[in-house]
Amino acid sequence: MSKPTPLYLYSDHQKIMRVLLLTGGLAYLIWWFLVELTLPNAFNPLGSRLVVCALFFSSYLASRRFEWARTHVAKLYYMSGWALTLHYFYLFYNNPTDSNWIVGAYITVVALCACINDSEMFIAYIVYVVALSLGICMLDPALLKTVFLSGMLTILAFAYFGMRSRVRLVAKIIAEEQNNEKNRALLEVSEQALRLRNEFISVASHELKTPLTTIKIQTQMAHRSFQKGDPDAFSPERTTKTIELIERQADRLKDLIDSMLDISRITLGKVEMKFIPCNLTTLLEEVVASLTETLKMSGCPVQLTVARDVTIEGDSLRLEQVVVNLLTNAMKYAEGKPIRIILDADERNAVLVVEDEGMGIAPENLERIFEKFERVVSTKNISGFGLGLFVSRYIVEAHQGTISVESEVGKGSRFIVRLPKTRRIL
Ligand code: ADP
């Protein structure tokens, strides 16, 4: 467990120290006044009194005016306190028979001990007071026969244990507060996860319902035409169109269910990949060829540029999924504008870029689109689960690669996938 942070770092330390300087100075003035009233003839030199007063008040004023003094106000306070202690020991030494002065020295030590919350400073002060007490006893051995030394040591021992339990108590309160803070953060995260999950459920039901409804309508229409005996309804042209439509919707359903299954596999850590030589050039050509129809329907002209033939160690089915995700996204969000796919490589990595001239993504959303269920556009405008990029990033990272995006709103997006040609053994 790490050492608890000193108490004085937690409170509004500078402010407290400033108040202590002021109250210390004022308390001393009151004491001064009382001494003048009750002990007018005692040894109490003006110089020593003025030094103590000047230290407290000038430190207080400096800490209000100067940055340096504000930052080091604790040191100024301790310095004034040490001077005050010395002052009382000096007065007590010169008035050894008057018990008022020993009380003055005791009160000074008790008051200062009550105000020091820094363990190291506290121990330094104890050493200082012990040294002063022993010093006085050496100068005046008669004091050893009085309760002065044992009284002072008792005060210091009590003050020390009191300070320790104070610091421990505050450290405990602080630890509890930090724990509460952590719990609050965890609660926020789980609330956010819950919100995303609920959104996902509503998006998923909507997304799954749309192709199903189309399929249902098509089959109902075919059924009705069949009952009516409408011969036109089953002409090869119309039948082919209907079958194609149903096929497309069934494919969409399959894709949606596949991405949902991927998510649960990723969550359970059960995605298996086979890393064997995979020709990215061929893979890209095949994906583009397989999407010709969809690309045509989207109205986005596609340009594939392959700088060199690139083969990497990877799972071709999963990499194909990444390319399909990026390409379908480009089609969805590029609003009929051109799409470019570029494949290049350096000595170590293959670099695949899919760029479009579509709506683009605002800078604040660039990170979050790679998270689970995160979408920037509403489902009402463009359908989607918010899973494609999450799954793509998972696949790319499993290949020890990276996926990133550069984008400008209204100008387009550029997704860059970097894949090492050979995987490192981890
Ligand atoms: P989906 O497209 O199914 O919503 P993705 O995970 O593939 O889920 O994408 C997450 C979000 O990132 C999308 O909802 C969209 O807002 C944004 N996005 C992805 N690709 C592009 C792109 N090419 N242009 C603009 N926005 C994009």
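D258 is partly exposed, at a relative accessible area of 32%, where partly exposed covers the range between buried (under 20% relative accessible area) and exposed (over 50%), worked out with a 1.4 Å probe on protein chains only. Its partner is K254, and the two side chains meet in a salt bridge of 2.9 Å, N to O. A salt bridge here is a side-chain nitrogen of Lys or Arg within 4 Å of a carboxyl oxygen of Asp or Glu. K254, at 47% relative accessibility, also counts as partly exposed. Both residues sit in helix 8 (residues 236-268), four residues apart, or about one turn of the helix. Helices (H or I, at least four residues) and strands (E, at least two) are DSSP runs, numbered from the N terminus.

A word on the model itself. It is a predicted one, so local features need pLDDT of at least 70 and side-chain atom pairs count only at pLDDT 80 or more, while totals for chains, interfaces and linings use all residues. Residues are numbered from 1 along each chain as its sequence is written, and side-chain values use heavy atoms, with hydrogens and water left out.

Back to the charged pairs. Side chains of opposite charge can pair when their charged atoms come close. The whole structure holds 15 salt bridges. One of them joins E355 and R414, with 2.7 Å from N to O. E355 belongs to strand 5 (residues 349-356) and R414 to strand 7, so this pair ties together parts that are 59 residues apart in sequence. E355 is buried, with 13% relative accessible area, whereas R414 is partly exposed at 30% relative accessibility. These two also take part in a salt-bridge network that links R340, E355, E357, E406 and R414.

R368 and E374 form another such pair, their side chains meeting at 2.5 Å, N to O. Here R368 is the partly exposed partner, at 28% relative accessibility, and E374 is buried, with a relative accessible area of 13%.

Next, the empty space inside. Rolling a probe the size of a water molecule over the atoms shows where empty space is left. The search of the whole structure turns up two cavities of 30 Å³ or more. A cavity is a set of points, on a 1 Å grid over the protein atoms alone, where a 1.4 Å probe fits but cannot get out; lining residues have an atom within 4 Å of a point. Grid points are joined across faces, edges and corners, and a volume is the space filled by probe spheres set on the points. By that reckoning, the largest cavity holds about 50 Å³ of space.

Its lining is made up of L280, L319, V322, V323, L352, V417 and L419. Helix 11 (316-333) and strand 7 (412-420) each supply at least two residues of that lining, with helix 11 giving the largest share, three residues. Sorted by type, the lining of the largest cavity comes out as seven nonpolar residues, no polar and no charged. For that count, Ala, Val, Leu, Ile, Met, Phe, Trp, Tyr, Cys and Pro are nonpolar, Asp, Glu, Lys and Arg are charged, and the others, Gly among them, are polar.

As for the ligand, 19 residues surround it, and the closest are N329, Y333, D356, R375 and L389. To make that list, a residue needs one of its heavy atoms within 4 Å of the molecule. Polar contacts are pairs of N or O atoms within 3.5 Å. The side chain of Y333 has an N or O atom 2.7 Å from an oxygen atom of the ligand. The backbone contributes too: an N or O atom of V376 lies 3.1 Å from a ligand oxygen, and one of G386 lies 3.2 Å from a ligand oxygen.

A few loop residues round off the picture. E335, in the loop between helix 11 and strand 4 (339-345), has a positive phi of about 50° although it is not a glycine. Q400 likewise has a positive phi, near 65°, in a residue other than glycine. Q400 sits in the loop between helix 12 (388-398) and strand 6 (402-408) and is buried, with a relative accessible area of 18%. D230 is found in the loop between helix 7 (148-228) and helix 8, and is partly exposed at 28% relative accessible area. The C-alpha atoms of D230 and R49 are separated by 117 Å, with their positions 181 residues apart along the chain.

Definitions and conventions
1 Å grid on protein atoms, 1.4 Å probe; cavity = no way out; pocket = protein on both sides within 12 Å on 5 of 7 lines; lining within 4 Å. Polar contact = N/O pair within 3.5 Å; in protein donor to acceptor, adjacent residues only side chain to side chain.
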